[in-house]
Every structure is written in C-alpha cells, then in structure tokens.
Amino acid sequence: MPKLTIDELAKMRDRTRRTLVPREGGEFRAKINVHMGTCGIAAGARAVMTALIEEAERRSLQDVLLTSSGCAGLCSQEPMMTVETVGKPPVKYVNLDPAKAREILEKHVLGGSIVRDYALGVGSEKTDA
Amino acid sequence: MAEVATARTYRLHLMVCAGTGCVSNHAFELKTALEREIEKHKLENEVTVVPTGCNGFCERGPILVVQPGNVFYQQLSVKDVPHLVEEHFLKGRPVAKFMYFPPEEKTPVPVLSDIPFFKKQVLVALRNRGLIDPEKIEEAIARDGYKALAKALTEMSPEAIISEIARSGLRGRGGAGFPTGLKWQLVRNAVSPNGGAKYVVCNGDEGDPGAFMDRSILEADPHAVIEGMVIGAKAIGAAAGFVYVRNEYPLAVNRLAVALEQARAFGLLGRDILGTGFDFDIRIKRGAGAFVCGEETALIASIEGRLGEPRPRPPYPAQSGLWGKPTCINNVETWANVPVIIDRGSAWFAGIGTATSKGTKVFSLVGKINNTGLVEVPMGITLREIISDIGGGIPGGKAFKAVQTGGPSGGCIPKEQIDLPIDYESLAAAGSMMGSGGMVVMDEDTCMVDVARYFLSFTQDESCGKCTPCREGTKAMLDVLTRITEGKGVPDDIALLEDLASAIKDTALCGLGKTAPNPVLTTLRYFRDEYETHIRDRKCPAHVCRQLNIYAIDPRLCLDKGKGCDVCRRNCASEAISGSKGEAHAVLQDKCIKCGVCADVCAFGAVRVE
Amino acid sequence: MDQRISEIVAKYGTDPGSVIAILQDVQEELHYLPRAALERVAGDLSVPLSRVLSLATFYKAFSLKPKGRHPVHVCLGTACHVRGAQLVLEKFERELDIKTGETSPDRAFSLDAVRCVGCCGLAPVVMVGEEVHGKISPAKVAGLVKKYRK
C-alpha cells in the first residue's frame, strides 16, 4: 500500500463511504455486521458468525457482505448483529444464537422482512449532540 | 448405493395446499407449474412438491409453505412460479413480495434512537462503535478517521492545536479530570534535558474493577486513539509514543497492533506522515497485571521495564516522565475525544455538558441493573436518567440502594442523591469521583459493609508495598472490616476506621493509597446504620455477610414443592443437611459452614436465609 | 528450553528495558517461569537475576509455579462481586478440590481469582484459558469443569 497524501486520504474517504452501505447496483445488496467485542464473543458472537459464514457458503451467496465490528454497547443483550439492506435503515438484532442468525439471514437478508421477534430496533444511534 | 425415491431426503419441501379453497384458486395448476419449473432447473432431486390438506387460510389461497424455514407464500399464480423457483429454490433468496405477514407483525419495529437505552446517549468517543470493522483502516477513514489529523498537520500550528483543545474544556477521562489543554501546554513548554525527546503515552491500564470503556474503545475503534495521539504528538513536539494496555485485554492488544500496522502502511504513522514531514511512531507496551500501574509514575516505571512502583510528585511527568523526559500521559477515552474536537471545533464540544465539565463521558453500567452495557452520556445528566431511563431500572423489582462510581478510589452514592448531576465537581462533593467510568449499581440485596470490605481487600491486595500508610494502613482497615462482617466487630471499630482512613489519606504516597479509604468513608457517611447493625445486632440486613446468616429449610416447602428432592444435601459442602430423598430436609446448624450453596441450588425457595 | 528463551530474548534485541515483555512471552510459552528460564533471561540480558526475579514476583501476570492446562480465572471485579462471584470461586475450589492459587495434581486445572476481566456486563464471569464464560452461577460450575476435563 503506497503512503497516502492529504488528497488521497480525502478520495479514499469518499470512495469507501460509497462502498460501505449496500446500494442498488452496488457490489452487495446486504451487509451483516456481527458485533464482536470481548463481551460479545464471550456471549457467543463467534458461533453466530460461524453459522452465518456456513449458511452463506451453503447458499453460495456472493452479494451479502459479512463483517464484524466492536461492541455495540448493550452487553446484557449480546450477541448482537446489525443487518442493512439496500435502501433500508439498519436493523439491530439482539440475544442471538446460530439458529436465530440463520433465520434472520433467510427471512430478512434474503427475504426482505424484519424478524420482529429478535429485532431490537431500526435506524442508527445518535452520534451528535 | 440403491436409493428409493420416496426415501430421498430433499433439501426443500414445498407444501402446496390442496384444500377445496385453494384448489378452487388453481392450486393444482400451481403444483404442476412448480414441478415443471423445478425440473427445468434440474432441482427435482433437491426440491419436492407435496400436496397438503387445508390449512384454513383459504381467503389467501393458493398457499405454499416452504419447509424448513416455514416461509409462507400466498395468492401465488402460475406466472409467479419461474421467478419464485429461480430466486428462492435455486438461489436461496425467499421472495418477500409473495409472502404473507400477519397484521400484528406489521407493527413497526421501534426506532433505535427512541429506545430508552439509546435515546439519552450522545456518542462522541464511541462515535464509531459497532459501525466499522476495526481491522480495516479504510472503514475508519470513511467515517472521517484521520481527517482531523490532516487538518492539524497542515492547517494548524502546535499552539493552535493546544488552544483548540484548551478551549474545548476537555478534561482527563481517566479519573482526576485535569484539563487536557493545560497538560499539553505544560509538556510543550517543558525543556527536555540535553535537548532530547518528548513522549506521549496512552494509559490503557484500565484496572478499576467494573470498568471496561477503554477496552471497548480500543477494540471497536483503535484508530481514534492513534489519531488523537498523533495530533497530541504534533502539539507537544513528541517523536515517539507508547500505548500501555492491560495484559488481560488480548483482543484490544491485537486490534491495536493491526491498526498501528495499517496506519504505518498508509503513511499515517511513522516517517513523513501524510507527506507533511512530521515523524511519529507508536509502540504497544503490555501491562503485566498490576493495578498500581494505572498510576502515571508507576506506569512510566513499568514501560521502562522496572517494578511498577509510584514515586512522589512533583516532578510531574510533564516535566520528568519516561526516561526523565517530558511526557504527556492521557487515557484512552481522552485521546479518542481529540480528533472529533479538532475536526468539529472546540465550540461544538464545549456546547455539550455543564459549565465545568464539557463533552460526554463513557460509563460502564453494570451490577444490579437491567440493561448492562457501555453508555456515553453528556456531562450533567443525572444518575436517575442513567439508572432508570438508560439502565431500565433494577432487575426483579428490587429497590435501588446505591451506585458506586470511581472504582476503588471512588465511593457509593445513595438513593437519596439519585438526582445528582454527573460532573467532576458534583461527584467529588458527594464523596465519590468521576473515576475512569465504572458505574456499579447496587440494590437492597447488596450489603454496603461488604462492599467497603471488598474494595479494601482489592486495594490491600494491589498495594505495591512501597509506602507504609498504604501497605499497613489498608491491611489494618481490612482487618477491622472483615471482623465486622464476621460478627466480631466492637463499637469502637467505626471510630477506628475513620482514624485510619484520615491517616492514610494524608500520608500515602500515590493516588492508590490516598483514595483507598474513600469506599469506607462514603459508606460510613451514607450507610452508617448498616455498620451499626452488623456490630450491635450481629446481623447483616442484606444477608450477604454469610457468617451472620442462619440457613434453614422450610420443611413444608421442601416436601410439598420439592418432594424432598435431596439436591441441597448432595451439594452441601460440609454434610450439614439431614434427610434423604422424599423426606423433608433440615440444616444441622453446628455443622453448617454457611457457604450458602443450599440456598443457591434449591429450585423451590425452601432454603430460608435469616 | 534454553534455545527457545534465547530466541525470545533476541527478538527484543537485548534491551534490558524489555525484560517485562520477554518474561510475558516466556510465561505464554511455558505457562510459568521456572528458575532456569529466569536465569537464562538474566544471563542473555546481562542483568542481575535478582532484578528479573523481582519483576517476576511483582507482576501478577507471572507465576513461578506451573499452571494447569486449563487455567481457571474467576473474576472478582465489583460487578461480579455483587452478583455472587465469591460463591462461584468457592464452588470451583470444591469441584476441583484445590484452593485458589493452586494447581491440580494432574496439572489439568489451576484456579486463580482475578480482578476484573472487563466483561462486567456478563457478570459473574469466569475465564478458562482464553475463553470467557459469562453469567456463571455455582450451579453451572460442575458442567463447565466437565466440559474441559474431557
């Protein structure tokens, strides 16, 4: 990776920003983000991630992005994940296990309908005052 | 292998309703069309079509249910079939527009920012939590990572950076709340001996039990910390930095190491950062399990490879720190705040919070609370808002008793002060402190004498032993507290504790010792009656101090509800339970060691604690 | 063993300031710090053995006694404490038939109490090796031990 200049940093910011969310005609139509901080992993996030990877392979899904991030903050309801599909606000799921994750993959990620029973909420947190 | 068609295991079963209603809605045509399309895609060995009886939902017919998965399609027509087969059965993507959703499921899922846990939070230090992959620097950059660095390196002089931080009102998030801008100015002004180097250090030795915000920031957004440190280095004129992280946080160490590597590869760290000619690099130092190393002079000794023992201040590290050079030490959360302040301006940051405490604070909300987790709130929010609104109250309908802030250096704030606003001064006035952000909620089942004893056993254990007041004083206090919790306290003990506390506060060498008596002093201030009950009546009102408890089995409950299940006797640590399976059991008081296991294992609530 | 330790020391370039990091790597490798290892580190770095030993006994990450293949660390942080961690620790002592700080004779398990592993949201917490187990009660201890005993 060549070292960045100030200009290139700004370009990378804009470019990556566009690819980070699922969009029409983009590389992927859905993004699943499993929250994997230490507590999430302790609560079983790794098993959730593994189940999703296996399920994605089994279905040969090419256009669903599986990714991980740090703690989402609500330890008492770990493991958690966030599902984002084209044109829709993200949905946070809580208290997951591998079976629930597979169900969400099938019904929400592929089927487009939120799995109400496991969903905590839609939208993002406020990052502003 | 010989295989019989009917015994074949299919990947999918398509249950086509063949009840009268659906048949009149062309269910058979649908079935034929499905079978044809399945054959066309050569899926006949994987997917089977099964006619079923009426499932009662005739008005929505024809109905198709896909198993496994229980996907419910409604009002399908023959022309829908090619799309359905290709999408769902071939590509594995159920088709939402054909599905049926019961009316009650159409009630919208709540909006996340309206959920009480999230509603009152304001994310500044945690701005990227759960949003980026911490091992992909591009994702941090996409969320404005290193934007402030570019600004600081090209548009701002070191003085301008420092004055921006000073004007923001940012104060140290590690506990004491020293103004960050002032600290930076002191390090900038300090002359390094022999014209040598200056250093920046990130204190990630998050030792307070009940606190994990720094771990979480390092795990979720390590680049925020790195960026803050590079900006700080530019401001004070440092060429090298260290992040001191607890050894107990392996994931944080790994993610930070990956982030440093990527920042170097992108030219955001190392030589000639962003082509501006500024050189600065960061190394990780792992802690080795000593709480005292969170104290800045002990931390410096540990980075230098020595025993983590504190030394008297002054000189402060700003004058004489790492290897005797001027050193700027801030904690993880403080560094993580720096880039946003530079990016969005000091006025924006100072607009959050109170007159003396600006911005937000991250707390780990734990203990006897429904929503445990990491919360970032504007300074000035009340304890009530954090505990009732964000935390969702106390589990099991129990009564809130107190909240402990500031770890072993802090204190317990009682329910009478639940409307206390969270800022550095209010917490100090209540006898506690902001600390690094641990917030442990306690309910009616928590014994405050036991809590005080717990913290003293912690500080006594972690005292480095260098100075006598801390080494011997905490031991003496712990002995008194232990005897009170064992029912051996004497009336003078309270006065003795107060004497010891003031002696240690006045004479201990470092912050660990000076603040060690705080948990005892605040519990004495607000919960003196609990101490008195332990001493005078030999009773623990919360039934926590086990030596004061009497365990007994209610024979009726044992027999009626538990049918003499015998689980308590089998788990008893000292063979102190009589009775056998099917009989009412009883505790033999002379043999009971009061371990409490019987109460824990009894599923019928038959073990009473008095 | 000497060979391996010298390799670790060499990685840090014989800087005496790195002695803590070196001991951490040795501890990770051998699960304890035998005297021979300390002597080797002191020799390679040309620092007195007393200095190495003082560090090895000051910091809690180091152990001069062998630990079990499954080191059990029961968290006694504040959140775990108010949620009954002491009872969990005592249950482990009975289940493993060793005291806190000891290693079982077959070296399968060692038992230690630690101060806060930073998973307070899941209190009480127990670490077995690198794995963190949350929401542990005394009743779950036997099952956990059985899982690792296999």
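**A sheet in chain A, strand pairs in chain B, and the contact between the chains**

In this predicted model, chain A holds an open sheet of five strands, arranged in the order E2-E1-E3-E4-E5 and with mixed pairing. Strand E2 (64-69) and strand E5 (119-122) of chain A each have a single partner strand, so they stand at the edges and one side of each is left without a neighbour in the sheet. Averaged over the sheet and with direction ignored, neighbouring strands are turned by 20° against each other.

Within this sheet, strand E1 (residues 30-35) of chain A pairs with strand E3 (residues 81-85) of chain A in the antiparallel sense over five bridges, and Asn33(A) has Thr82(A) in E3(A) as its bridge partner. Helix H4 (residues 98-110) of chain A lies across E1, E2, E3 and strand E4 (91-93) of that chain, and runs at about 15° to E3(A).

In chain B, strand E8 (residues 278-286) pairs with strand E6 (residues 240-245) in the parallel sense over six bridges, with Ala240(B) opposite Asp281(B). E8(B) also pairs with strand E7 (residues 270-273) of chain B, here in the antiparallel sense over two bridges, and Gly270(B) stands opposite Phe280(B). The hairpin of E7(B) and E8(B) has four residues between the strands, and Leu274(B) takes a positive phi near 50° there.

The contact between the chains takes 46 residues from chain A and 55 residues from chain B. Among the elements of chain B that each supply at least two residues to its side are helix H6 (147-155), helix H11 (250-265) and strand E11 (373-378). By class, this side of chain B has 30 nonpolar, 14 polar and 11 charged residues.

How values were computed. Residues numbered from 1 in each chain as written. Chains lettered and ligands numbered in written order. Predicted model: local features only at pLDDT ≥ 70, side-chain atom pairs only at ≥ 80, totals over all residues. Contact = placed C-beta atoms within 7 Å. Nonpolar A, V, L, I, M, F, W, Y, C, P; charged D, E, K, R; others polar. Pairing = 2+ DSSP bridges. Axes fitted to C-alpha atoms, helices over the stretch in contact; angles between N-to-C directions.
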